[in-house]
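Before reading on, take a moment to look through the chain as it is shown here. The report that comes after it is meant to be read side by side with the picture.

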Amino acid sequence: MNSEVDAEIRSGNLVRAHELCLRSLQDNPDDARIKHAAVICLLRSGAIERARQEFRDYGLHQAQLDEDLMALDARLIKAQAFEAVAENFQPLARQSAERYAAIFEATGGSYSGINAASMMALSGDGARARAYARRVLSASALQAGSPQARYYQLASTAEAHLLLGDLRAAQIALNAALAEDPDNYGAHAVSRRQLALVGSAMGIGRQALPLPELPRPFHYAGHIFSELSDLKSDRFDTADLPARIDALLDEHRAGAGFGALAAGADILFAEAILRRKAPLTIVLPVPVRVFVQASVRPFGRDWVRRCEHCLEAADDVIEASTDRVLLSGASINLASSTAMGLARLRAEMLATDPMQVLLLDETDPRRDYGTARDHAVWASAGLEQHVLGIRRNHAGNNPQPPLEAEARAYKPAMRAMLFADIVGSSQIAEDVVPHFVGSVLGPLAETARQTPVDYMDSWGDGMFLAYSSPKAAA
């Protein structure tokens, strides 16, 4: 597999990994391992319908002899089972189990064997589940190979012991698996989900089999300031702020970080993430040059130097808008919402809980954008937060970045946009167009008018709708 793709999957960055798969397939369109990785990325991130479509488009349903490729169809059915309504779960689980079992009979592979056993257990067939678990154990001598291959083999052994009710043997095998490939967080996340499901089906609580603790993705934010001496705290010496940030991230097993890069708190957090050698994703409201000019350069050359170092070392730099004029409250909110969403997505892909860490001045009167707004948004979702409270000397050197000029002809705002196009409309014969307009476009337009739409337009058979929230658009 492409090493870049493998690295992103291991870290849990499945969105980036899928993008790299698509790029790689442009140069190597027949690479079955990259096709397999692309489908797995979609499955693990919850895009089941698209995963099935790519599975078919790539011709992977015709695979033979290769256990991983053959098992993709069973894996897709398994994913469908967990998305299904309650009454459809067991039939789909049984269907997935039978597919895995057939592949196990053909290949003898531990991956298909243990999945057959687990899906049998989840479908209510405990006797067959235990029989397959014993067969997996009897055939599971540790093979030479990559650390990842050995990890999955030992994880399968742990799962088989769990199905047989031997918690001590399961824990020993799981610990051995983690020792084989300790930094493969993507694989650890798969084990967390699988072992938790099997344990739940058997009435075994999570405490009975401790699962691997994974680094927790987080969103970071804080205020702009020129010098640490501009800050005060009732609980600690602000000169110790970098050490305080390190200690906070250590305490809560912080992993990948997502946030901006303004002078002051943002750069302190970004530097702490880099010291930990954790993935850093920088999300800026405007292009890098515009952002640095507005939010870094006015606060001193040292911040510019440190900002440039973080930009060079970051895993990814995302520009949330193409606005080349000045920052706006809307663009700042868009960037922070994007960063918060990315942190939550990464946590979901790693089967762990996201958190937010803030350097917050609670006396700051501004609530419509910035750190206080980010604090409120995250809190409204009921998610974990950790705040280092500070007070800035507002009479001192704490200028704010300039926002958009009042002379602008428009006011930036965040909206959810919906585009709709009708398949095959360009092939409609001219004599049928009036019927198409009356019976298709007309009802669509009427339906759109009944929703809380902020703006609506159309071009031929295409419709464009703008809403104040994603919920309204959905």
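What follows describes a sheet, the helices that lie against it, and two pockets.

The model is a predicted one, and every statement below should be read with that in mind. A good place to begin is the open sheet, in which 6 strands are arranged in the order E5-E4-E3-E1-E6-E7 with parallel pairing. Strand E5 (316-319) and strand E7 (384-389) stand at the edges of this sheet, and because each has a single partner strand, one side of each is left without a neighbour in the sheet. From one strand to the next, the twist averages 20°.

At the end of the order where E7 lies, strand E6 (residues 355-360) pairs with E7 in the parallel sense over 6 bridges, and Val357 has His386 in E7 as its bridge partner.

Helices pack against the sheet as well. Helix H14 (residues 265-275) touches strand E1 (216-222), strand E3 (254-259), strand E4 (280-284) and E6, and its direction makes about 155° with that of E1. Helix H17 (residues 329-349) lies across E1, E3, E4, E5 and E6, and runs at about 165° to E1.

Helix H18 (residues 371-380) can be described through its buried residues, which are Thr371, Ala372, Arg373, Asp374 and Trp378. The cover over these buried residues of H18 includes E1, H17, E6 and E7. After H18 comes Gly382, whose phi is positive, near 70°.

The two pockets are set out in the table.

| Pocket | Volume | Classes of lining residues |
|---|---|---|
| Largest pocket | about 1,400 Å³ | 20 nonpolar, 15 polar and 14 charged residues |
| Second largest pocket | about 340 Å³ | 8 nonpolar, 2 polar and 1 charged residues |

Which residues lie nearest the centre of the largest pocket? Of the 49 residues that line the largest pocket, they are Arg44, Arg75, Tyr111, Tyr152 and Val190. Several helices each supply at least two residues of this lining, among them helix H1 (3-11), helix H3 (32-44), helix H8 (110-122) and helix H12 (185-201).

The second largest pocket has a lining that includes Leu334, Arg415, Phe464 and Pro470. The elements that give two or more residues to the lining of this second largest pocket are strand E9 (416-420) and strand E11 (462-467).

Technical notes. Residues are numbered from 1 along each chain as its sequence is written. This is a predicted model: local features need pLDDT of at least 70, side-chain atom pairs count only at pLDDT 80 or more; totals for chains, interfaces and linings use all residues. Side-chain values use heavy atoms; hydrogens and water are left out. Two strands pair if DSSP finds at least two bridges between them. Helices (H or I, at least four residues) and strands (E, at least two) are DSSP runs, numbered from the N terminus. Axes are lines fitted to C-alpha atoms, for helices over the stretch in contact, and angles run from 0 to 180 degrees between N-to-C directions. Contact means heavy atoms within 4.5 Å. On a 1 Å grid over the protein atoms alone, a cavity is a set of points where a 1.4 Å probe fits but cannot get out, and a pocket is an open set with protein on both sides within 12 Å along at least five of seven lines; lining residues have an atom within 4 Å of a point. Grid points are joined across faces, edges and corners, and a volume is the space filled by probe spheres set on the points. Ala, Val, Leu, Ile, Met, Phe, Trp, Tyr, Cys and Pro count as nonpolar, Asp, Glu, Lys and Arg as charged, and the others, Gly among them, as polar. Buried means under 20% relative accessible area, exposed over 50%, partly exposed in between (1.4 Å probe, protein chains only).
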